[in-house]
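Hi,

Here is the structure I promised to pass on to you. Have a look at it first, and then read on for what turned up.

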Amino acid sequence: MAMTTATKWIIDPAHSDIQFKVKHLGMFNVTGTFKQFEGDVVSEHEDFSDAVINFTIHTNSIDTNQPDRDTHLKSADFFNTEKYPHITFKGTYNNDTLSGNLTINDITQPVTLNAELTGVGKGRFGETRAGFEVDGKINRKDFGLVWNLLMETGGVVVSEEIKLHFNIQLTT
């Protein structure tokens with residue numbers, strides 16, 4: 001019986017990005033990114049069907065291209081980056097689905113996201129690389145991100161739904 005060895009893959013932050021979109025005033029998407037993150041994936045199979053994922057985002061690295069908004073998002077109204085410096089995900093990948101526990105502001109909820117393995121191959125220096133595209137939605141209120149203002153029209157300034165889009169490149 002042949003023995004299989006698990007491979008540990010590391011997220012390459014220079015070739016990955018973490019994006020989110022949220023509806024503002026019920027009409028417009030505000031897009032942002034997190035600039036600092038790290039993580040690893042451990043898998044015995046080339047198709048990642050048994051992959052175990054550990055991922056950490058540094059909340060203080062949020063960037064919406066608007067410094068005043070970023071300051072507000074880092075405050076206790078939202079991410080409270082001084083008290084909660086990280087967002088974490090621990091989960092598994094199987095059949096184009098990423099499932100696991102997402103923790104934001106010390107609140108952990110199960111999430112399921114769509115995740116497509118976009119390719120596996122050799123990098124420029126002979127290292128093995130793998131790519132994933134991840135999409136999904138979460139409700140920010142599930143994680144204690146409840147700040148909002150009512151508009152005169154009855155709507156809210158910030159929607160509850162957050163759209164997520166990650167392009168992840170792994171390397172061995």
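The lining of the largest pocket breaks down by class into 36 nonpolar, 4 polar and 3 charged residues. Before you go further, keep in mind that this is a predicted model. The volume of that largest pocket comes out at about 760 Å³. Of the 43 residues that line the pocket, Gln 19, Phe 20, Phe 34, Ile 162 and Leu 164 are the closest to its centre. In case you wonder how one looks for such a space: rolling a probe the size of a water molecule over the atoms shows where empty space is left.

Now for the chain as a whole. It has 1 helix and 11 strands. If you walk along from the N terminus, the elements come in the order β-β-β-β-β-β-α-β-β-β-β-β. The C-alpha trace spans about 70 × 30 × 30 Å along its principal axes. Of the 172 residues in the chain, 39% are buried. If you take the contacts with a separation of 6 or more, 56% of them are between residues 24 or more positions apart.

Next, the salt bridges. How many does the structure hold? There are 5, and I'll take you through some of them.

Start with Arg 129 and Asp 12, whose side chains meet in a salt bridge at 2.8 Å, N to O. This pair links distant parts of the chain: Arg 129 is in strand S10 (residues 128-139), while Asp 12 is in the loop between strand S1 (7-11) and strand S2 (17-24), and the two are 117 residues apart. Are these two partners buried or exposed? Arg 129 has a relative accessible area of 18%, which is under the 20% cut-off, so Arg 129 counts as buried. Asp 12 is at 11% relative accessibility, so Asp 12 is buried as well.

Then there is Lys 137 with Glu 161, a salt bridge between side chains at 3.9 Å, N to O. Lys 137 lies in strand S10 and Glu 161 in strand S11 (residues 158-171), so this pair ties together parts that are 24 residues apart in sequence. Lys 137 has a relative accessibility of 52% and therefore counts as exposed, whereas Glu 161, at 37%, is partly exposed.

Another one joins the side chains of Lys 141 and Glu 160, at 3.3 Å from N to O. Here Lys 141 sits in the loop between S10 and S11 and Glu 160 in strand S11, so to speak two distant parts of the chain, 19 residues apart. Both partners count as partly exposed, because Lys 141 has a relative accessibility of 37% and Glu 160 has 35%. Elsewhere, salt bridges with shared partners join Asp 12, Glu 127 and Arg 129 into one network.

Back to Asp 12 for a moment. What else does its side chain meet? A polar contact of 2.7 Å joins it to the side chain of His 15. If you leave aside the neighbours within four places in sequence, Asp 12 is in contact with Arg 129 and Gln 169.

Two residues in strand S4 are also worth finding on your screen. Val 42 is in this strand, which covers residues 37-43, and Ser 43 lies in S4 too. Which of the states, buried or partly exposed, fits each of them? Val 42 has a relative accessibility of 32%, so Val 42 counts as partly exposed. Ser 43 has a relative accessible area of 3%, so Ser 43 is buried.

Leaving out neighbours within four places in sequence, Val 42 is in contact with Ala 6, Thr 7, Lys 8, Asp 50, Ala 51 and Val 52. With the same neighbours-within-four rule, the contacts of Ser 43 are Thr 5, Ala 6, Thr 7, Phe 48, Asp 50 and Ala 51. The side chain of Ser 43 also has a polar atom 3.0 Å from the backbone oxygen of His 45.

One last distance to try in your viewer: the C-alpha atoms of Val 42 and Glu 160 are separated by 33 Å, and these residues are 118 apart along the chain.

Cheers

Note on methods. Residues are numbered from 1 along each chain as its sequence is written. This is a predicted model: local features need pLDDT of at least 70, side-chain atom pairs count only at pLDDT 80 or more; totals for chains, interfaces and linings use all residues. Side-chain values use heavy atoms; hydrogens and water are left out. A salt bridge is a side-chain nitrogen of Lys or Arg within 4 Å of a carboxyl oxygen of Asp or Glu. Helices (H or I, at least four residues) and strands (E, at least two) are DSSP runs, numbered from the N terminus. Buried means under 20% relative accessible area, exposed over 50%, partly exposed in between (1.4 Å probe, protein chains only). A polar contact is a pair of N or O atoms within 3.5 Å; within protein, one must be able to donate a hydrogen and the other to accept it, and residues adjacent in sequence count only if both atoms are side-chain atoms. Contact means heavy atoms within 4.5 Å. On a 1 Å grid over the protein atoms alone, a cavity is a set of points where a 1.4 Å probe fits but cannot get out, and a pocket is an open set with protein on both sides within 12 Å along at least five of seven lines; lining residues have an atom within 4 Å of a point. Grid points are joined across faces, edges and corners, and a volume is the space filled by probe spheres set on the points. Ala, Val, Leu, Ile, Met, Phe, Trp, Tyr, Cys and Pro count as nonpolar, Asp, Glu, Lys and Arg as charged, and the others, Gly among them, as polar.
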